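Here is my note on the model, as numbered points. Please keep the structure open while you read.

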Amino acid sequence: MVTQYSMKRGWTEFLEANKKAILERWLDCALALFPEKMGYSTPIGTVFSGALEKILSSLGKRENDCKEALDDVTRILAVQNFPPSKALSIFLEPKLILHDIMMKTTVADTLMQEAFNSRLDALTLEAFDSYMRHREKIYQLKVEEGSRRMYMALRRAEA
Amino acid sequence: MSKYAPKLSELKKEFDEKPSVLKGDYSAQEWWDRPVEFRDGNWCFPGKQEVLADLGFANPRKWAATDEDWQLPADWQKTISEGLQSRLKKYRSLKLFLDSCVRCGACADKCHFFLGTGDPKNMPVLRAELLRSVYRNDFPLVEKILKGFSGSRKLTKAVIKEWHMYFNQCTECRRCSVFCPFGIDTAEITMLVRELLNLIGVNNNWILAPVSNCNRTGNHLGIEPHTFVQNINSLVEDIGDLTGVEVEPTFNRKGAEVLFITPSGDVFGDPGVYTMMGYLLLFHHIGLDYTISTYASEGGNFGMFTSNDMMKKLNAKMYHEAKRLGVKWLLGGECGHMWRVVHQYMNTMNGPADFLEVPVSPITGTRFSNAAATKMVHIAEFTADLIHHKKLKLDPKRNDHLRTTFHDSCNVARGMGMFEEPRSILRNVCNSFHEMAEDTIREKTFCCGSGSGLNAEEYMDIRMRGGFPRANAVKQVKDRHKVNSLVTICAIDRASLPPLMNYWNPGVSVYGLHELVGNALVMQGEKKRTTDLRENTMAGFEDGGDDDE
Ligand code: SF4
Ligand code: SF4
């Protein structure tokens with residue numbers, strides 16, 4: 001119990017200390033998914049930057065409270081022209097970033113890195129669920145739109 | 001397996017040739033060499049054979065954008081070249097737009113489709129370049145002048161595919177032109193290219209079917225006169241049930257003072273019908289002498305997205321009907337592109353409408369000299385004037401269940417410069433109104449992403465991308481001010497913003513402005529109102545609520 005606590009604390013501190021560096025690189029990767037790299041101040045740039053920060057912060061916490069931020073990102077990705085595999089690859093990106101940072105610092109804690117990686121794996125799977133929910137929503141919208149358009153005709157048919 | 005999961009070959013391709021074109025300095029690269037890829041969700045179904053036959057349009061056939069061979073007519077190149085040449089002579093603006101761009105890039109990141117996709121060909125400057133590059137090749141003199149400055153290319157089938165892809169990812173919203181130092185209007189370039197494409201049968205059924213219906217029956221869905229009347233009469237009954245007031249619209253009545261024309265979506269679609277109820281209540285409230293035509297039963301004009309001639313023909317229908325009925329002037333409902341047609345093109349196409357009178361409000365005496373040429377007044381101007389002269393009895397508390405924001409429809413905002421009238425109405429009919437960010441409203445408004453006839457169901461992916469900047473601005477006021485109602489004055493918005501909100505901002509509903517007017521109007525002889533026109537409970541008016549002013 002005691003070791004777990006200290007690892008956890010070391011981990012949170014590590015994340016806090018390197019948050020800015022991780023976030024910068026992560027955001028860059030995410031924005032580069034688009035055919036022309038998306039600007040930071042564009043609507044997508046702003047949403048990504050806010051959401052990725054929330055997701056990163058939540059990685060350091062015991063409770064997983066980044067569902068909304070995850071949704072914000074996948075909602076954008078789910079209607080883009082690139083395949084899900086490419087879209088969701090951004091959630092694996094921090095592994096490489098973290099690895100790089102760890103190599104450069106003295107804190108080469110494999111336990112910490114493993115924990116981080118497994119959190120990211122879980123996150124990627126969650127992102128997949130969320131992505132699929134948005135795809136399903138698109139199909140739902142098509143159906144709803146059809147009946148809105150025919151509102152009066154349907155009303156007559158039901159009467 | 002899910003139909004939108006990529007095929008293995010696609011995935012491999014994606015990884016092999018990771019898109020890297022146009023990173024940085026695109027002018028150095030041959031961006032046009034990159035083929036376009038049509039797949040589910042990024043193309044609209046083509047015009048049906050019978051629709052094309054009805055309209056006498058070129059090249060009716062069965063085809064799909066995903067086909068390798070689009071079965072273009074044998075002389076398609078000649079048709080396009082000659083079509084372009086004749087239009088360059090006819091429209092000086094087009095030549096000016098093609099010649100004067102200096103590629104300053106001011107427009108590049110202003111298009112909602114670029115902001116929603118990151119696709120460089122959605123930068124207005126590059127979109128126009130898709131035509132310009134062909135124009136340069138076709139017109140040697142210009143090419144000589146511009147040599148070394150920019151590229152030119154041959155007109156190939158691949159170019160046609162690219163045009164079809166990217167001129168259908170432009171909603172003709174004109175946002176880019178606001179930022180261009182020369183006022184280059186990419187929307188007009190898009191209109192022209194779509195017209196050229198129609199000459200060789202490269203088209204969109206979602207646009208052409210309404211055009212054909214409108215041409216034959218008078219409205220987009222092809223609703224026949226008796227059904228049209230029946231629909232409005234059911235709304236009259238609903239109004240009776242909800243308010244206890246019996247409104248009495250008339251149809252095709254000769255000698256009425258005013259002919260009222262609105263997009264037909266207000267007569268058959270949800271939530272348009274609630275806006276229609278608002279109009280009917282308003283006209284009853286002020287005792288307007290008006291009639292509705294079952295022939296000119298469409299304010300919208302998808303001809304504008306098809307060809308100049310078609311736009312002219314559909315617009316003329318409204319004026320023929322006004323003449324036949326012998327009305328004094330026209331009052332137009334909440335529509336977007338109908339107003340662009342009326343405000344910018346009507347007078348030179350079909351005007352002047354000398355047989356009509358310059359509109360004067362019979363209630364306030366205001367003379368709408370801004371409509372002296374077209375004789376058609378926008379309902380927002382008309383109502384704002386009524387409110388300004390205190391001619392309406394309004395109880396804005398009846399909209400207290402709505403926390404609103406206002407979406408400027410592109411065509412009304414940028415196409416006719418109307419910004420304040422709808423806002424003035426909104427402030428008078430509800431107590432909670434919060435503006436979206438300054439760079440997303442008024443002349444800088446972001447398009448709904450589905451304008452110009454792109455609101456086809458099969459196009460949902462593209463529409464959600466293109467509508468993202470608008471939705472994002474709504475989200476900000478939703479988060480900050482708990483906004484739950486997006487108010488607008490355009491029928492395409494009323495149809496396309498509900499799915500956009502449902503996707504990006506669940507919990508935000510879409511309203512027509514006159515629906516809120518209808519909620520707020522205190523009608524003579526009305527019964528106690530507890531619900532709004534949608535039969536949603538009004539805050540503070542539940543049983544025991546106080547409705548006295
Ligand atoms: S802003 Fe005008 S001149 Fe500048 S690149 Fe765009 S269209 Fe060309
Ligand atoms: S008119 Fe609108 S949609 Fe078309 S290029 Fe300009 S900003 Fe984009």
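1. Start with helix α3 (residues 67-77) of chain A. Nine of its eleven residues are buried, so the helix is largely enclosed by the rest of the structure. Bear in mind that this is a predicted model.

2. Which residues of α3(A) are buried? They are A:Ala69, A:Leu70, A:Asp71, A:Asp72, A:Val73, A:Thr74, A:Arg75, A:Ile76 and A:Leu77. Look at the names: Asp and Arg are in this list, next to Leu, Val and Ile.

3. What do these buried residues pack against? In chain A, the partners are α2 (43-59), α4 (84-88) and α6. Chain B adds α21 (468-481) and α22 (491-504). Both chains therefore take part in enclosing α3(A), which is largely enclosed by the rest of the structure.

4. Now take the charged residues of this helix. A:Asp71 forms a salt bridge with A:Lys67, and their closest N and O atoms are 3.3 Å apart. Both residues lie in α3 of chain A, four residues apart, or about one turn of the helix. A:Asp71 has a relative accessibility of 12%, so it counts as buried, the cut-off being under 20%.

5. A second salt bridge in the helix links A:Asp72 with A:Arg75. Here the closest N and O atoms are 3.2 Å apart. The two residues are separated by about one helical turn because they are three residues apart in α3 of chain A. Are A:Asp72 and A:Arg75 buried or exposed? Both are buried.

6. Next, a salt bridge between chains. A:Arg148 pairs with B:Asp270, with the closest N and O atoms 3.4 Å apart. Why does this pair join two chains? A:Arg148 lies in helix α6 of chain A, while B:Asp270 lies in the loop between α13 and α14 of chain B, so the pair joins two chains. A:Arg148 is partly exposed, at 28% relative accessibility.

7. Stay with B:Asp270. A cis peptide bond joins B:Asp270 and B:Pro271, with omega at about 10 degrees. B:Pro271 sits in the loop between α13 (265-268) and α14 (272-286) of chain B. So the residue that bridges to A:Arg148 also takes part in a cis bond.

8. Chain B has another cis bond to a proline. The peptide bond from B:Gly351 to B:Pro352 is cis, with omega near -10 degrees. B:Pro352 is found in the loop between α16 (337-349) and β4 (376-378).

9. How many salt bridges are there over all chains? The count comes to 41. Some of them form a network, which links B:Asp408, B:Glu420, B:Arg423, B:Glu435, B:Glu438 and B:Arg442.

10. The surface has a nonpolar patch formed by A:Met150, A:Leu154 and B:Leu221. Together these residues have about 230 Å² of accessible area. A:Met150 lies in the loop between α6 (110-149) and α7 (151-158) of chain A. Its relative accessible area is 36%, so A:Met150 is partly exposed.

11. Turn to the ligands. Which residues surround ligand 1? Among them are B:Cys101, B:Cys104, B:Cys107 and B:Cys180. The shell also includes B:Val102, B:Arg103, B:Gly105, B:Ala106, B:Val125, B:Pro181, B:Phe182 and B:Ile184. By class, the shell divides into ten nonpolar residues, one polar and one charged.

12. Ligand 2 is surrounded by 13 residues, and the closest are B:Cys111, B:Cys170, B:Cys173, B:Arg174 and B:Cys176. The elements of chain B that give two or more residues to this shell are α6 (124-138), α9 (175-179) and α10 (186-199). The shell divides into six nonpolar, three polar and four charged residues.

13. Look again at B:Arg174, one of the closest residues to ligand 2. Phi of B:Arg174 is near 70 degrees, a positive value in a residue other than glycine. B:Arg174 lies in the loop between α8 (157-166) and α9 of chain B. At 16% relative accessibility, B:Arg174 counts as buried.

14. B:Lys482 also has a positive phi, near 55 degrees, and is a residue other than glycine. B:Lys482 lies in the loop between α21 and β6 (485-488) of chain B. Is B:Lys482 buried or exposed? B:Lys482 is exposed, with a relative accessible area of 63%.

Conventions:
Residues numbered from 1 in each chain as written. Chains lettered and ligands numbered in written order. Predicted model: local features only at pLDDT ≥ 70, side-chain atom pairs only at ≥ 80, totals over all residues. Heavy atoms only, no water. Near = heavy atom within 4 Å. Nonpolar A, V, L, I, M, F, W, Y, C, P; charged D, E, K, R; others polar. Patch = residues over 30% accessible without salt bridge, like charges linked within 9 Å, V, L, I, M, F, W, Y side chains within 5 Å. Areas by Shrake-Rupley, 256 points an atom, 1.4 Å probe, with all protein chains shown as cover. Salt bridge = Lys/Arg side-chain N within 4 Å of Asp/Glu carboxyl O. Buried < 20%, exposed > 50% of the residue type's maximum accessible area, 1.4 Å probe, protein only. Contact = heavy atoms within 4.5 Å.
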